[in-house]
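Biologist: Could you give me a close look at the spaces in this structure, starting with the enclosed ones and going on to the ligand site and the open pocket? I would like to know which residues surround each of them.

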Amino acid sequence: MYENPVITVVGLGYVGLPLAVALARHFEVMGYDIDEKRIAELRSGHDRTGELSRGELTDSALEYVTDPEALKEAHIFIVTVPTPVDAENKPDLRAVESASRFVGSLIRMGSVVVYESTVYPGCTEAFCGPILEAESDLIAGQDFFLGYSPERINPGDKVHRVDSITKVVAGQTEKVAQLLAQVYGAMNGNDTFIARDIRTAEASKVIENAQRDINIAFVNEIAEIFGKMGLSIYDVLEAANTKWNFLPFSPGLVGGHCIGVDPYYLAHAAEKIGVDPRVILSGRRINDNMARSIAARLDAELPRGARILMLGFTFKENVPDIRNTKVIDLVRALEEKGHDVAVYDPIADADEIRAHYDLSVIETPELAYDAVVGAVPHSGFAELPLRGLVRADGLVADIKGIWRKRSVPQGLRYWTL
Ligand SMILES: NC(=O)c1ccc[n+]([C@@H]2O[C@H](COP(=O)([O-])OP(=O)(O)OC[C@H]3O[C@@H](n4cnc5c(N)ncnc54)[C@H](O)[C@@H]3O)[C@@H](O)[C@H]2O)c1
């Protein structure tokens, strides 16, 4: 369709920015984001998500463009905006809707619009397509074409990068699918898979994360069972993991933008067609309740009104992303039980935490807490001097097994899942 397409990426977050920079090594790429602060930071060479270094940004040919007239020059539009859930855990498609309106105002005959945001099967064609049609006065599949390519990157993961993982692509027509395979293939050594159609590609993404969620829920459930039996889940997993086909999942809080959210998109789509997604929602319930369950178990180990140091606040280790972190649920649950919790996270942005969660984090831990809780296994936490941080007979609560393989100083009590 296009020998050398010009590409516009709409939404320059965790997904859109690395993608735009990788594509800009091979194509002319314009990047657009509604967040002006983000654009200013990126122009100055700073990626607050920590995915790209200053050098990677300043060396990139990616152009940050805010002028819609200039953006219209693109042949391919790639939408990478957030798809969270609302307070009822239903898909919140407001960003997808507004980005689609915007892209609809830019497209012309022959344009290709690809969605990378994680959605439920059918969303691209049944929800986004009509918005694009209404805004552009063009017809999808005839005047312009839809595509879908799920994103698989994993924040903080320096091995599985956007240009080193298999990219699933799908198009409204065979030609569009081929074009997308060629475009994405240029950045990742032609490691692409053409899915049968757009709905299949959408479905494949949403089950990748639902599968992880369900497996973690199983491990979280057995952690509770074994905890009551006086067994450590980590000891049990270490033994079970020696079997060739045992799946290596770990217990813990399931937060973030993907694993704790995407299963609700699938559940929503299932309910719409009259299927009760029992396993999917049961997994969600277990994982969503994990913070409360851990708080109850910790409370049983703590003195009344304990001073607690919570180590880590982000949704996972070594990333600054605090969206949908479940550590906040743990903090609130412990506070409800009368404890005094100080949160320390050297990676997260304190202002962002205050703005999103109305919580002040400490800059430096004090000494002699009644308990230290390892909530997120950021690098460096394993080496913290526990003896000073915790009072002489205090508690080291190791949710993620940070200190499992180290000897905890004598006198301190050690608790783990
Ligand atoms: N973060 C991940 O690791 C990951 C992995 C796979 C898939 N995904 C999916 O990719 C999508 C994007 O996730 P993310 O983590 O990059 O989100 P993000 O919040 O980091 O980035 C989204 C960006 O889109 C911008 N934006 C919002 N509305 C916009 C609009 N109308 N027009 C232009 N820009 C707009 C925001 O300002 C933000 O910079 C989501 O659907 C997510 O589920 C994310």
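Modeller: Happily! A cavity here is a set of points, on a 1 Å grid over the protein atoms alone, where a 1.4 Å probe fits but cannot get out, and a residue lines it if one of its atoms is within 4 Å of a point. Please keep in mind that this is a predicted model.

With that in hand, there are two cavities of 30 Å³ or more. The second largest holds about 30 Å³ of space. Pro-150, Glu-151 and Arg-152 line it, together with Ile-165, Thr-166, Lys-167 and Val-168. Sorted by class, that lining has three nonpolar, one polar and three charged residues.

The largest cavity offers about 40 Å³. Around it sit Pro-18, Glu-51, Ile-153, Asn-154, Asp-157, His-160, Arg-161 and Val-162. Three of these lining residues are nonpolar, two are polar and three are charged.

Ile-153, one of the residues lining the largest cavity, leads us on to the ligand: a backbone N or O atom of Ile-153 lies 3.3 Å from a ligand oxygen atom. Two side chains also reach ligand oxygen atoms: a polar atom of Asp-33 at 2.6 Å, and an N or O atom of Arg-323 at 2.8 Å. On its own the ligand has 820 Å² of accessible area, and the protein covers 91% of this.

Now for the whole shell. The ligand is surrounded by 26 residues, and Asp-33 and Arg-323 are among the closest, along with Val-15, Thr-83 and Thr-118. The shell comprises 13 nonpolar, eight polar and five charged residues. Helix α5 (residues 94–104) gives the largest share, three residues. Domain 1 (6–200) and domain 2 (214–220 + 227–416) each contribute at least three residues to the shell.

The two domains meet us again at the second largest pocket, whose volume is about 250 Å³. It has 16 lining residues, and those closest to its centre are Val-85, Gly-256, Val-261, Asn-324 and Lys-326. Two elements, α11 (278–288) and α14 (350–357), give two or more residues to this lining. By class, the lining splits into six nonpolar, six polar and four charged residues. Where does this pocket lie with respect to the domains? Because domain 1 (6–200) and domain 2 (214–220 + 227–416) both supply lining residues, the second largest pocket lies between them.

Note on methods:
Residues numbered from 1 in each chain as written. Predicted model: local features only at pLDDT ≥ 70, side-chain atom pairs only at ≥ 80, totals over all residues. Heavy atoms only, no water. 1 Å grid on protein atoms, 1.4 Å probe; cavity = no way out; pocket = protein on both sides within 12 Å on 5 of 7 lines; lining within 4 Å. Points joined across faces, edges and corners; volume = space filled by probe spheres on them. Nonpolar A, V, L, I, M, F, W, Y, C, P; charged D, E, K, R; others polar. Near = heavy atom within 4 Å. Polar contact = N/O pair within 3.5 Å; in protein donor to acceptor, adjacent residues only side chain to side chain. Areas by Shrake-Rupley, 256 points an atom, 1.4 Å probe, with all protein chains shown as cover. Helix = DSSP H or I, 4+ residues; strand = E, 2+ residues; numbered from the N terminus. Domains from an automatic or database assignment.
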